[in-house]
Amino acid sequence: MRRKIYQLAVACCLFFITTAQLNAQSDGWTRPFPGHRVIGNLYAVGTYDLGVFLITSDDGHILINTGLAESIASIRDNITAVGFRLQDVKILLTMQAHWDHTAALAEIKGTTGAEMWATADDARVLEDGGFSDPHFGGRQSFRPVGVERIIGEAEVIELGDIRLRVHEHPGHTEGSSSYSMQVSENGRDYHVVIANMGTINAGKR
């Protein structure tokens with residue numbers, strides 16, 4: 001009997017610790033953070049703890065990730081603060097098809113008319129709203145978003161003077177991806193990588 005009470009107490013402690021950690025994480029995910037230029041035509045326009053990136057050109061912009069559904073106003077304000085307009089986004093990308101990176105994609109796509117481009121394995125998850133994700137699936141965790149174009153390893157995305165290379169990094173999701181480009185600033189060339197997290201979730205290879 002004592003053992004069962006002890007096990008129950010431990011389980012309750014773990015539950016409250018986990019809940020507190022998730023709440024703290026969620027606060028960081030939604031907390032506003034000032035938009036700013038990273039280098040060249042690359043800008044950070046996300047929240048305190050979720051990376052959302054804007055790559056700009058005279059012919060329109062690329063937006064990578066969106067954070068949570070309630071982050072749209074913050075993303076729009078940050079894009080405006082760095083001198084651009086959300087309406088001029090032409091291509092939407094994500095680094096992983098989990099709800100904390102994708103939840104606002106459908107609304108932003110509807111607002112801007114931008115096209116959603118994704119790797120083949122993440123495209124499936126985007127289009128069913130996370131239902132088919134092997135790790136967190138079985139339910140819809142974000143609003144589904146249609147994918148207009150499948151992108152793959154070493155492909156170069158071109159928009160205006162943007163040349164953005166795709167790197168497929170399966171592991172966090174089946175279709176996780178990173179992106180790289182070359183930027184010139186103050187007479188020097190820089191190789192810039194927008195790198196996905198390296199965490200390998202259970203069941204992934």
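This report describes the fold of one protein chain, taken from a predicted model.

## Overall make-up

The chain has 205 residues, and 44% of them are buried. Its secondary structure consists of five helices and 11 strands. Among contacts with a separation of 6 or more, 55% are between residues 24 or more positions apart. The exposed surface of the chain comes to about 10,900 Å², with 53% of that supplied by carbon and sulfur atoms.

## The seven-stranded sheet

Seven strands form an open sheet in the order β1-β2-β3-β4-β5-β6-β7, and the pairing is mixed. The edges are β1 (36-39) and β7 (149-151); each has a single partner strand, so one side of each has no neighbour in the sheet. From one strand to the next, the twist averages 30 degrees. Helix α4 packs on this sheet and touches β4, β5 (89-93) and β6. The direction of α4 makes about 160 degrees with that of β5.

Strand β6 covers residues 115-119. Four of its five residues are buried, which leaves the strand mostly covered. β6 runs parallel to β5, and two bridges join them; here I91 stands opposite E115 of β6. With β7, β6 also pairs in the parallel sense, over three bridges. In that pairing A118 stands opposite I150, and T119 stands opposite I151.

## Helix α2

Helix α2 spans residues 72-81, and its buried residues are I72, S74, I75, N78 and I79. Viewed down the helix axis, these buried residues fall within an arc of 165 degrees, so they line one face of α2. An α-helix has 3.6 residues a turn, so residues three or four places apart point the same way. On the other side of α2, the exposed residues include D77, T80 and A81.

The cover over the buried residues of α2 includes two strands, β3 (53-55) and β4 (61-64), and the helix α4 (105-112). After α2 comes G83, which has a positive phi, near 100 degrees.

## Helix α5

Helix α5 spans residues 120-127. D122, A123, V125 and L126 are its buried residues. Down the axis of α5 they fall within an arc of 165 degrees, so the buried residues line one face of this helix.

The buried residues of α5 pack against α3 (99-102) and α4, and also against the strands β6 and β7. Just after α5, G129 takes a positive phi of about 70 degrees.

## S178 in strand β10

S178 is found in strand β10, which runs over residues 177-185. The relative accessible area of S178 is 1%, so this residue counts as buried, the cut-off being under 20%.

A polar atom of the S178 side chain lies 2.8 Å from the backbone nitrogen of N196. Leaving aside neighbours within four places in sequence, S178 is in contact with R165, V166, H167 and H169, and with I194, A195 and N196. N196 is thus named twice around S178, as a contact and as the residue whose backbone nitrogen lies 2.8 Å from a polar side-chain atom.

Definitions and conventions: Residues are numbered from 1 along each chain as its sequence is written. This is a predicted model: local features need pLDDT of at least 70, side-chain atom pairs count only at pLDDT 80 or more; totals for chains, interfaces and linings use all residues. Side-chain values use heavy atoms; hydrogens and water are left out. Buried means under 20% relative accessible area, exposed over 50%, partly exposed in between (1.4 Å probe, protein chains only). The arc is that of the directions from the helix axis to the C-beta atoms. Contact means heavy atoms within 4.5 Å. Accessible areas come from the Shrake-Rupley method with a 1.4 Å probe; for residues, only the protein chains shown count as cover. Two strands pair if DSSP finds at least two bridges between them. Axes are lines fitted to C-alpha atoms, for helices over the stretch in contact, and angles run from 0 to 180 degrees between N-to-C directions. A polar contact is a pair of N or O atoms within 3.5 Å; within protein, one must be able to donate a hydrogen and the other to accept it, and residues adjacent in sequence count only if both atoms are side-chain atoms.
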